[in-house]
Amino acid sequence: MKLHGKVHKYGADVNTDVIIPARYLNISDAGELAKHCMEDIDSDFIGRVQPGDIIVAGKNFGCGSSREHAPLAIKAAGIGCVIAASFARIFYRNALNIGLPILECAEAAEKSESGDILEVELSTGEIVNTTRGLTFMAEPIPPFMLELIEAGGLIEYTKRRIATGYQ
């Protein structure tokens, strides 16, 4: 699975409270959540993001409360992938559960800047910064997890498995 998009870069310790502020947690519609994604850390984010763009960040992305709203808002905003030096464990799990691709790669996080264009191959972990002519390697996403992401998350993956008799 190959992705291509413009970088939106953030620092370390991006908290779920700034990804989707608590005042919006009564919203369950993903499209509505997306309208408020990152607004407390980057008020222009939703106006700049294009489908397929990529968030790049420092260590501990998604720290804070364990709300599933955070990766859901990111995905619904059109972000194709998040690359960070590291992720908070619960965010990592929630992102995969809703089908948001994420990769850990400290070097790509350090050497990419907002506006750069990245090409990401999830199955190999290769990240190419075409703006800077740099290539980075993240741990690839295993095939069974790619199936889950391509299905749109754990719920859709499970529905498909049930519909096909777990084949």
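Which elements cover the buried residues of α5? I started my notebook with that. The model I am reading is predicted.

**Entry 1: helix α5**

I looked up the burial of α5 and found F91, N94, A95, L96 and N97 buried. I then listed what covers these buried residues: the cover includes α1 (16-19), α4, β4 (102-104), α7 and α8. I also checked the backbone past the helix end. G99, just after α5, takes a positive phi of about 85 degrees.

**Entry 2: aromatic pairs**

I searched the whole structure for aromatic pairs, and the search gives 5. I looked closely at F61 with F91. Their ring centres are 5.2 Å apart and the planes make 80 degrees, so I note the pair as edge-to-face, for which the planes must be over 60 degrees apart. Where do the two residues sit? F61 is in the loop between β2 (54-57) and α4 (69-76), while F91 belongs to helix α5 (residues 89-97). The pair therefore ties together parts that are 30 residues apart in sequence.

Are these two rings buried or exposed? F61 has a relative accessible area of 0%, so I put it down as buried. F91 has 1%, so F91 is buried too.

I followed the ring pairs further. They link F61, F87, F91 and Y92 into a cluster. Y92 also has a charge over its ring: R89 lies over the face, at 4.7 Å from the ring centre.

**Entry 3: T16**

I went next to T16, which is placed in helix α1. Its relative accessibility is 1%, so T16 counts as buried. What does T16 touch, leaving out residues up to four places away in sequence? I listed G62, C63, G64, S65, R67, A70 and F91. F91 thus appears in my notes again: F91 pairs with F61, and F91 is touched by T16.

**Entry 4: α7 against α8**

Both helices are part of the cover over the buried residues of α5. Two packed helices are described by an axis angle and an axis distance, so I looked up both values. Helix α7 (residues 143-151) packs on helix α8 (residues 154-163) at about 100 degrees, and the axes are 7 Å apart. The range for roughly perpendicular is 65 to 115 degrees, so α7 and α8 are roughly perpendicular to each other.

Which residues meet here? From α7 I noted E147, L148, E150 and A151. From α8 I noted L154, E156, Y157 and R160. By class, this contact has 4 nonpolar residues, 4 charged residues and no polar ones.

Methods: Residues are numbered from 1 along each chain as its sequence is written. This is a predicted model: local features need pLDDT of at least 70, side-chain atom pairs count only at pLDDT 80 or more; totals for chains, interfaces and linings use all residues. Side-chain values use heavy atoms; hydrogens and water are left out. Axes are lines fitted to C-alpha atoms, for helices over the stretch in contact, and angles run from 0 to 180 degrees between N-to-C directions. Helices (H or I, at least four residues) and strands (E, at least two) are DSSP runs, numbered from the N terminus. Angles under 35 degrees count as roughly parallel, over 145 as roughly antiparallel, 65 to 115 as roughly perpendicular and the rest as oblique. Contact means heavy atoms within 4.5 Å. Ala, Val, Leu, Ile, Met, Phe, Trp, Tyr, Cys and Pro count as nonpolar, Asp, Glu, Lys and Arg as charged, and the others, Gly among them, as polar. Rings of Phe, Tyr and Trp (its six-membered ring) pair if their centres lie within 6.5 Å; planes under 30 degrees apart count as stacked, over 60 as edge-to-face and the rest as tilted. Buried means under 20% relative accessible area, exposed over 50%, partly exposed in between (1.4 Å probe, protein chains only). A charge sits over a ring if NZ of Lys or CZ of Arg is within 6 Å of the ring centre and within 35 degrees of the ring normal.
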